[in-house]
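This report describes a single protein chain from its computed geometry. It begins with charged contacts and proceeds to the core, the sheet and the overall architecture.

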Amino acid sequence: MIVIIGAARRHLRAHRRGQALIETGIALPILLLLSLAAFDVGRALVAHIALTEGTQEGSLFAAHEYNSYASDTAAQAAVTTRVTTSSSHEAVTGATVETTCSNTPAPGTVEVRTTYELSVISPPALALFGSSISLSAEVRANNFNEDPCP
């Protein structure tokens, strides 16, 4: 009787090891896919933070220096250069920058908007978000000059 119980235990242990292998084989691909999607979401978060900081830098620059340029086009080009060179992150260097200056309400405002299309790498994120994630930031600042817009 003891021999039969010992053989049954060995059989159950071997069966449990096989069961654990199958469970790991099922769970591991799912965990890897979730990790890849989390990687792309993390990239998007870092890129958005960098884009927002670059937009803030451009807005502050425009609030102080916008009226020192001869034309609106020259001022917008200077703000775009300031934004895109404020960081080495791809979301900042490749961003599209739009600047608007308004004299009303007093003392006037400068608005800087940036956009960037972040390409997605992982297959799960491709299924969720498509081929890219649209990132944008917008900052409005009061002008620091009496005659803010050229």
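## Salt bridges

A search of the whole structure yields five salt bridges, a salt bridge being a side-chain nitrogen of Lys or Arg within 4 Å of a carboxyl oxygen of Asp or Glu. The model is predicted: local features need pLDDT of at least 70, side-chain atom pairs count only at pLDDT 80 or more, and totals for chains, interfaces and linings use all residues. Residues are numbered from 1 along each chain as its sequence is written, and side-chain values use heavy atoms, with hydrogens and water left out.

Three of these pairs are listed below.

| Pair | N to O distance |
|---|---|
| Arginine 43 and aspartate 40 | 2.8 Å |
| Glutamate 57 and arginine 82 | 2.7 Å |
| Arginine 113 and glutamate 111 | 2.4 Å |

Arginine 43 and aspartate 40 are three residues apart in helix 1, which means that about one helical turn separates them. Helices (H or I, at least four residues) and strands (E, at least two) are DSSP runs, numbered from the N terminus. An α-helix has 3.6 residues a turn, so residues three or four places apart point the same way. Aspartate 40 is buried, at 2% relative accessible area, and arginine 43 also counts as buried, at 18%. Buried here means under 20% relative accessible area, exposed over 50%, and partly exposed in between (1.4 Å probe, protein chains only).

The salt bridge of glutamate 57 with arginine 82 has another setting. Glutamate 57 lies in helix 1 and arginine 82 in helix 2, so the pair ties together parts that are 25 residues apart in sequence. Both partners are partly exposed: glutamate 57 has a relative accessible area of 27%, and arginine 82 one of 34%.

Arginine 113 is partly exposed at 23% relative accessibility, whereas its partner glutamate 111 is buried at 11%. These two residues belong to a network of salt bridges that links Glu98, Glu111, Arg113 and Arg140.

## Nonpolar cores

The largest nonpolar core comprises 12 residues: Ala44, Ala47, Leu51, Ala91, Ala95, Tyr116, Leu118, Val120, Ala125, Ile133, Leu135 and Ala137. Such a core is a set of buried Ala, Val, Leu, Ile, Met, Phe, Trp, Tyr and Cys residues joined through side-chain atoms within 4.5 Å. At least two residues of this core come from each of helix 1 (2-65), strand 2 (109-119) and strand 3 (132-142). Apart from this core lies another, of 10 residues, including Tyr66, Val79, Val97 and Val110.

Which residues does leucine 51 contact, leaving aside its neighbours within four places in sequence? They are Ala91, Val92, Ala95, Thr114, Tyr116, Leu135, Ser136 and Ala137, where contact means heavy atoms within 4.5 Å. Leucine 51 is found in helix 1 and is buried, with a relative accessible area of 1%. Its C-alpha atom is 9.7 Å from that of serine 86, a residue 35 positions away along the chain. Alanine 44, with the same neighbours-within-four exclusion, is in contact with Leu118, Ile133 and Leu135.

## Strand pairing

Strands 2 and 3 run antiparallel and are joined by 11 bridges; two strands pair if DSSP finds at least two bridges between them. Threonine 109 has asparagine 142 of strand 3 as its bridge partner.

In a regular strand the side chains alternate between the two faces of the sheet. Strand 3 has a covered face formed by Ile133, Leu135, Ala137, Val139 and Ala141, and an uncovered face with Ser132, Ser134, Ser136, Glu138, Arg140 and Asn142.

Proline 107 is placed in the loop between strand 1 (96-102) and strand 2, and is partly exposed at 41% relative accessibility. The C-alpha atoms of proline 107 and asparagine 143 are 6.0 Å apart, although 36 residues separate them along the chain.

## Overall architecture

The chain has four helices and three strands, arranged along the sequence as α-α-α-β-β-α-β. Helix 2 (residues 72-84) has 13 residues and spans 18 Å from its first C-alpha to its last, close to the 18 Å expected at 1.5 Å a residue; the expected span is 1.5 Å times one less than the number of residues. Its buried residues are Ala75, Ala78, Val79, Val83 and Thr84.

Of the 150 residues in the chain, 31% are buried. Among contacts with a separation of 6 or more, 63% involve residues 24 or more positions apart. The chain exposes about 9,500 Å², with carbon and sulfur atoms supplying 62% of it; accessible areas come from the Shrake-Rupley method with a 1.4 Å probe, and for residues only the protein chains shown count as cover.
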